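Good morning, colleagues. Please turn to the sequence and the structure that I am about to show.

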Amino acid sequence: MSDSPHLPEACDLLIEAGYVVPIEPHAVVLEDHAVAIRGSEIVAILPRVEARARFRAPQVVSRPEAALMPGLVNAHTHNPMTLLRGVADDLPLMTWLQQHIWPVEAAVIGPEFVADGTTLAIAEMLRGGTTCANENYFFGDVQAAVYKKHGFRALVGAVIIDFPTAWAKTDDEYFAKAGELHDQWRTDPLIGTAFAPHAPYTVNDANFERVRMLSDQLDMQVHLHTHETAQEITDSIKLHGQRPLARLDRLGLVNDRLIAVHMTQLTEAEIHLCAERGVSVVHCPESNLKLASGFCPACALQRAGVNLAIGTDGCASNNDLDMFSENRTAAILAKAVADDATALDAATTLRASTLGGARALGFGERIGSIEVGKQADLVCVDLSALETQPLHNVLSQLVYATGRQQVSDVWIAGKPKLVQRELVGMDLPGIIANARQWRERIRHIRA
């Protein structure tokens with residue numbers, strides 16, 4: 001008979017790890033701990049020995065040389081554009097966009113392209129420890145269905161832009177489709193919806209005002225590229241007599257629903273305005289570096305109290321969805337930009353790419369940290385490899401030395417998505433073959 005007056009509690013899954021990195025509390029590493037999961041939720045975080053005594057689980061996953069951390073949140077993506085990876089490189093933003101990307105997109109974009117590109121992206125993200133994406137692309141209805149099919153968490157943006165596309169032809173059609181997308185997915189546990197007005201230079205005042213009104217009514221985030229390049233600022237002053245952020249403020253959009261992406265051109269006053277209004281800023285360092293768009297003052301934003309998130313941008317401009325690489329670049333670049341080696345330390349960087357991203361998306365109560373009551377979106381990272389030895393500091397190793405190939409296991413809402421590097425429920429050879437046939441189709445278009 002047991003000495004304990006209590007029978008073991010039932011849970012569905014017990015994950016044991018050499019190190020648990022909960023993110024909240026900040027900069028903490030729990031050695032030799034376990035996380036108990038019931039259904040989709042985390043029900044306990046406790047020492048491994050105590051977990052074995054307290055819980056009875058039909059499945060126990062033991063990873064004694066791994067770090068268990070929250071799934072990474074890629075806070076800015078154009079995931080169907082995985083199929084345009086490498087189509088146009090080594091070009092400035094507007095040349096890249098107007099002369100290369102938009103013409104190819106016009107020829108291929110449609111439900112099939114979006115579904116296939118999103119599927120490829122999901123597989124890549126899962127293998128790299130990303131469990132949630134903030135999506136900004138056309139055919140949001142198709143994207144949402146694909147994310148849902150694969151059990152992947154996403155905030156799907158309803159694009160608003162001032163010119164006709166394959167998705168919509170008029171302003172009214174863009175807004176009608178945004179409303180339909182929101183209505184269809186508003187109660188889904190995995191899929192959320194946001195407005196995604198493309199950028200200040202492609203959306204007029206009337207449409208921004210309409211976005212603001214509907215965002216307020218429906219409590220939807222607004223996902224927007226802004227202050228991406230110096231040219232954008234110059235053009236805005238010529239056309240509107242204001243910098244883009246001042247114009248957005250005049251239109252009522254600078255608030256706690258705004259997900260402001262890139263933000264490479266900021267004054268001190270603009271940084272403080274974002275902090276006061278609760279704006280979330282998404283730092284996309286590798287895309288900004290590759291397109292020579294400028295440097296987001298990530299450290300200044302974070303120290304001012306702005307919620308900072310990290311994103312890869314799309315595969316046509318990065319050219320990958322590797323959030324481990326993005327974290328390392330973000331941390332190192334922040335030090336150079338701030339001229340301060342203490343800027344954006346490892347713990348703060350990990351927080352930006354998990355809880356910071358979750359909060360930006362409006363998902364902060366559900367994901368982004370390992371806490372009781374939150375969803376079990378979790379990632380195991382094997383730190384036993386030669387490349388991460390010796391292991392002096394887990395947080396430092398995760399940011400400065402770890403590669404995405406060290407992600408061994410992934411769960412979303414408690415369901416396994418990657419088990420010892422093998423994707424669950426995804427046809428990897430088929431996905432690769434499909435990507436190759438898109439290469440041939442795009443090659444013929446560009447010929």
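I shall speak about one sheet and then about one serine.

Please bear in mind that this is a predicted model. Let us begin with the sheet. Eight strands form an open sheet, and their order across it is 4-3-2-6-15-16-17-18. The pairing within this sheet is mixed. In general, the strands of a sheet pair through backbone hydrogen bonds, in either a parallel or an antiparallel sense.

Which strands stand at the edges? They are strand 4, residues 41–47, and strand 18, residues 422–423. Each has a single partner strand, so one side of each is left without a neighbour in the sheet.

I now turn to strand 6, which spans residues 60–70. Strand 6 runs parallel to strand 2, residues 13–20, and six bridges join the two. Among the bridge partners, leucine 14 is matched with valine 60 of strand 6, and alanine 17 is matched with arginine 63 of strand 6.

Strand 6 also pairs with strand 15, residues 378–382, here in the antiparallel sense and over five bridges. One of the partnerships links alanine 66 to aspartate 382 in strand 15.

Finally, the serine. Serine 317 lies in the loop that runs between strand 14, residues 307–310, and helix 12, residues 323–338. Is serine 317 buried or exposed? Its relative accessible area is 3%, and therefore serine 317 counts as buried, the cut-off being under 20%. Which residues does serine 317 contact, leaving aside its neighbours within four places in sequence? They are Trp96, Ser287, Lys290 and Leu291.

Technical notes. Residues are numbered from 1 along each chain as its sequence is written. This is a predicted model: local features need pLDDT of at least 70, side-chain atom pairs count only at pLDDT 80 or more; totals for chains, interfaces and linings use all residues. Side-chain values use heavy atoms; hydrogens and water are left out. Helices (H or I, at least four residues) and strands (E, at least two) are DSSP runs, numbered from the N terminus. Buried means under 20% relative accessible area, exposed over 50%, partly exposed in between (1.4 Å probe, protein chains only). Contact means heavy atoms within 4.5 Å. Two strands pair if DSSP finds at least two bridges between them.
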